Amino acid sequence: MDNEVKLVSGAMVALAVATAALVVMPYMEVRDIQPRPGLKPYTSAELRGRGVYIANGCVYCHSQQPRDRNFGPDFERGWGRASVPGDYIYDKPHLLGSMRTGPDLFNIASRQPSKDWHLGHLYQPRAYVPGSIMPSYPFLFTVKDAKEAEKEGEQPVSLPPAYAPNVGQVVVPTPEALDLVKYLLALNHTYPVLPPAPKP
Amino acid sequence: MDSAILSLLGAFLLSIIGLFVFIWSSRKGLLVENPKAASVIFARGEIGRVDDPALADAAQDSMQAAALEPGHPLHVADATELQDRIASDQSSAFPVFMFIAFACFWLLLGSLAGLTSSIKLHQPDWLTDQAWLTFGRIRTVHLTAVLYGWISNAALGMMLWLLPRLLRTHLHGAIWSMLGGALINMGIAAAIGAISSGWTDGMEYLEIPWQIAILIFAGFVLVILSVLYTLVNRKVEHLYVSVWYMVAALLWISLLFVVAKLPGVHTGVQQATTNWWYGHNVLGLWFTPVSVGAIYYFLPKIIGRPVRSYNLSILGFWTLAFFYGQVGGHHLIGGPVPGWLTTLSIVQSVMMVIPVVAFSINMGATLKGRMHLARYSPTLRFMMFGGLMYFASSLQGSLEALRSVNQVAHFTHFTVAHAHLGAYAFVTMVLFGAIYFMMPRVLNWEWPYPKLITLHFWLSAIGIAIYFIGLSAGGWLQGVAMLDAARPFMDSVTLTLPYLKWRTAGGSLMVLGHIVFVGHFLAMALRFGPTRTGAALFWQNNKRELAHGQ
């Protein structure tokens, strides 16, 4: 232990082994994967919405990786089949997530396809899910005079009366909120990934 | 070939390699204990002398009295070697102070951000009007500030202070390391601003936008240059084990950072594996080796007794180097990644038991019969607490990687609690101890209010205990509820609420501790407190003048 060359080279070999296993080999293994016909690239609006999802750190509470049926009841909860590498071809950065403070969102569009629900839920989650601990996102909306909003041709968010603003006012989504919902409504990976079973 | 045959073949090959390594090591005499190498941290005649600069003279005296063993009379330490050490300390004082001061600032900011995020999880409508205060952003500000701001700065400061001492030379290229520090902290400040405003690369632990990461990387390169320059200009033949841990860690983190941040290379699932290769290695190949290296220096130095088994520490280093790097895949168990990858990571996670046990046996044996000194020495308390928590968190990590445990713990607060056991109870506590040891020598001034050190210790220790126990229990119940298809998902949310509040309670104590710590640090830097004759430097009454560098 008295040679700095040994130190540096040993340390580098150790790191190289780890990098080969966790970075290079996965790269070689998944680089040639083709997307399934059911998977479409994101549209510009969806990509903008994905940006809003990333900027506000949705990934810290919501995973996007339903697990296999023998590993948890993800399928029973309606979160969809186990995901495969091909599902993530267009994901940059990946948003697999590591927490489920809230539910998995990989197939949120298939179980909750309503745009109104999503907008209202972002404005005040507890209006739709009692006991939810998701933050509300008032900064993705503006509260406006109802008449003014109508004149501007805005489409207000429909909210349960208990959570609506004062009389004469409406909640109008910002473009960010609309894009985010477009992204959420694109999260649908229910297309089949396995070839159909051979006929007997 | 099926996997059973492959694993049998693998085990056979491993045993053969192991046998050759064993034969080689006994030929090289590596199995013979090497007390001389373990003693290089002491000056001639210094063994047996306790050393805790955080203590005033009288307290140091009573600690020494408690450490005396019959048949081992105290010797006078070699004055020239002490003189060299003073020169080393002086050469690094300014850069070290700079890094530690930045670290303290980020610690305070980061822990306030952490407390805010913790409260938000049970008060979801609190502070929601501003985008930068939303949970997803303030949580990431917390992570960036404490991981990159606090731990990395404090680790760099500690490294720059220890290396000249261990290499018995002055810090070469000090100005470069300071320039590096300026770049790193500019980068961190910019990154926190970017994340608050919603500009992020979007991956856990890698949120810092790559454009800003260039600054941080450049800063690290400058620090590395200074460190390597010091290393090749050393005046000792033997490199103490702490040098191995620290220099390797510094090279590792820089390479990890640059590979993980390469823009435009990673995508999809492969990006996820890279993400966790990096995410776990930040802890495994940066925080852990730096902190373990620190314990290998400070703990023996404080109690005045060399490490019991030097070879065991070397074994710990190489096993850590080869096993820890590959554990990251256990974050993707059950995910859409190749099965061999998660299996490899699980195996290596379990192999991590070896370096941890090697470390723990070694520290236990070194401390044997001197544990009572923790009653006297505040820095020893921090070091012992940190060392014990390294053992606990690493063993817990090995268990958590097992599929059966992971199935429950994954995606829950249990993992968050585990992360804090590692990054706080282990790493941060060791860094606190190191700072309490270093600063009197860096600033030539004693800690003005020694009682505050004890207060800080207990606030932090009790705080993290509440945090960890509460959140682990809540996280486990959350995982169990989530796996039960008969229970609605909302069950797993509502049942965590009391535990999330406990986390806030524990976190508040920790923040309080940090306020005490940073306040004390400021008081010291501004020369507050009772007037003293100067720092109780090398604690030898007849050699006090040495202490002042006269």
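Colleague: What percentage of the 200 residues of chain A count as buried?

Modeller: This is a predicted model, in which local features need pLDDT of at least 70, side-chain atom pairs count only at pLDDT 80 or more, and totals for chains, interfaces and linings use all residues. Residues are numbered from 1 along each chain as its sequence is written, and chains are lettered from A and ligands numbered from 1 in the order in which they are written. A residue is buried if 20 or more other C-beta atoms, placed from the backbone, lie within 10 Å of its own. For chain A, the buried portion is 42%.

Colleague: Along its principal axes, what does the C-alpha trace of chain A span?

Modeller: Among contacts in chain A between residues at least 6 apart in sequence, 73% join residues at least 24 apart; two residues are in contact if their C-beta atoms, placed from the backbone, lie within 7 Å. The C-alpha trace spans about 75 × 65 × 35 Å.

Colleague: How many residues does each chain give to the contact between chain B and chain A?

Modeller: The contact draws on both chains. Chain B supplies 68 residues and chain A 59 residues.

Colleague: How is helix 15 of chain B oriented relative to helix 16 of chain B?

Modeller: Helix 15 (residues 413–443) and helix 16 (residues 450–483) of chain B, DSSP runs of H or I of at least four residues numbered from the N terminus, have axes 7 Å apart at an angle of about 165 degrees. Axes are lines fitted to C-alpha atoms over the stretch in contact, with angles from 0 to 180 degrees between N-to-C directions. Because angles over 145 degrees count as such, helix 15 of chain B is roughly antiparallel to helix 16 of chain B.

Key:
Helices (H or I, at least four residues) and strands (E, at least two) are DSSP runs, numbered from the N terminus. Angles under 35 degrees count as roughly parallel, over 145 as roughly antiparallel, 65 to 115 as roughly perpendicular and the rest as oblique. A residue is buried if 20 or more other C-beta atoms lie within 10 Å of its own, exposed if 12 or fewer, and partly exposed in between; C-beta atoms are placed from the backbone.
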